[in-house]
Amino acid sequence: MARLLTSSIESVERLDVLLHLRSDPTHTFTARTLAAALKLPTASVEQDLAILCGRGFLTVSIGNDLLYAYKPISPAIDEVLREVADLNRLRRSDVVAALISRDGKDPVRAFANAFLIRGNKKGDGDA
C-alpha cells in the first residue's frame with residue numbers, strides 16, 4: 001500500500017482526486033467539475049486525471065468533454081485502493097505526511113539526475 005501511494009499516486013492532490021472518483025464509481029466527472037468540487041486548479045486536476053488514467057486507475061470517455069470514471073484495471077488494485085481509502089479516512093495525517101515527504105524529495109532528485117554523467121568508459125560523452 002505504501003508503495004502504491006509513493007510510486008503511483010505521489011501527491012495529496014492526486015490522492016484526493018482519485019478518492020473523490022472512487023467515492024462514486026458509477027458517475028463520470030470532467031476535470032472542471034472535479035476541480036470545483038475539490039477547490040483545486042483545473043489545469044492541475046487535468047494533469048492528475050491524465051496520470052491516473054495512464055496508470056490504470058480510471059477510464060476516460062469522450063463526450064463534449066473528457067469524462068473520467070473510477071475503474072481500476074484489476075480487482076487487486078481496487079482492493080488496495082479500498083485499503084488506501086480506509087487508511088486515509090482513519091489516519092489522514094499519516095497518509096499526507098508520507099506523500100509530502102516523498103514529494104519533497106523527487107523534484108530535486110529528478111533535477112540532479114538530469115545532470116548525471118552515465119558511464120565511465122573512455123569515449124562516453126567525448127566530443
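**Salt bridges, a capped turn and a hairpin**

Arginine 92 comes out as partly exposed, its relative accessible area being 31%. That value, like everything that follows, is taken from a predicted model. The partner of arginine 92 is aspartate 16, and the two form a salt bridge whose closest N and O atoms sit 2.9 Å apart. This pair links distant parts of the chain, since aspartate 16 belongs to helix H2 and arginine 92 to helix H6 (residues 92-113), 76 residues apart. Aspartate 16 is partly exposed too, at 22% relative accessibility; the cut-off for buried is under 20%, so aspartate 16 falls outside that class.

Just before arginine 92 in the numbering comes arginine 91, whose side chain meets that of aspartate 94 in another salt bridge, with 2.6 Å from N to O. Both ends of this bridge are partly exposed: arginine 91 has a relative accessibility of 46%, and aspartate 94 has 37%.

Altogether, the structure holds nine salt bridges. One of them brings together the side chains of glutamate 10 and arginine 55, at 3.0 Å from N to O. Glutamate 10 sits in the loop between H1 and H2, while arginine 55 sits in the loop between helix H4 (42-54) and S1, so this bridge ties together parts that are 45 residues apart in sequence. The two ends differ in how much they show: glutamate 10 is buried at 16% relative accessibility, whereas arginine 55, at 33%, is partly exposed. Glutamate 10 and arginine 55 don't stand alone, either, as salt bridges with shared partners join Glu10, Arg14, Asp48 and Arg55 into one network.

The loop that holds glutamate 10 is also home to serine 11, placed between helix H1 (2-9) and helix H2 (12-22). With a relative accessible area of 14%, serine 11 is buried; it makes the cut because buried means under 20%. A polar atom of the serine 11 side chain lies 3.0 Å from the backbone nitrogen of arginine 14. Arginine 14 is thus a residue to look at twice, once for this contact with serine 11 and once for its place in the salt-bridge network.

Then there are the strands. Strand S1 (residues 58-62) and strand S2 (residues 66-70) run antiparallel, with five bridges joining them. Getting from S1 to S2 takes a hairpin of three residues. Within this pairing, valine 60 has tyrosine 68 in S2 as its bridge partner. In a regular strand, side chains alternate between the two faces of the sheet.

Terms used:
Residues numbered from 1 in each chain as written. Predicted model: local features only at pLDDT ≥ 70, side-chain atom pairs only at ≥ 80, totals over all residues. Heavy atoms only, no water. Pairing = 2+ DSSP bridges. Helix = DSSP H or I, 4+ residues; strand = E, 2+ residues; numbered from the N terminus. Buried < 20%, exposed > 50% of the residue type's maximum accessible area, 1.4 Å probe, protein only. Polar contact = N/O pair within 3.5 Å; in protein donor to acceptor, adjacent residues only side chain to side chain. Salt bridge = Lys/Arg side-chain N within 4 Å of Asp/Glu carboxyl O.
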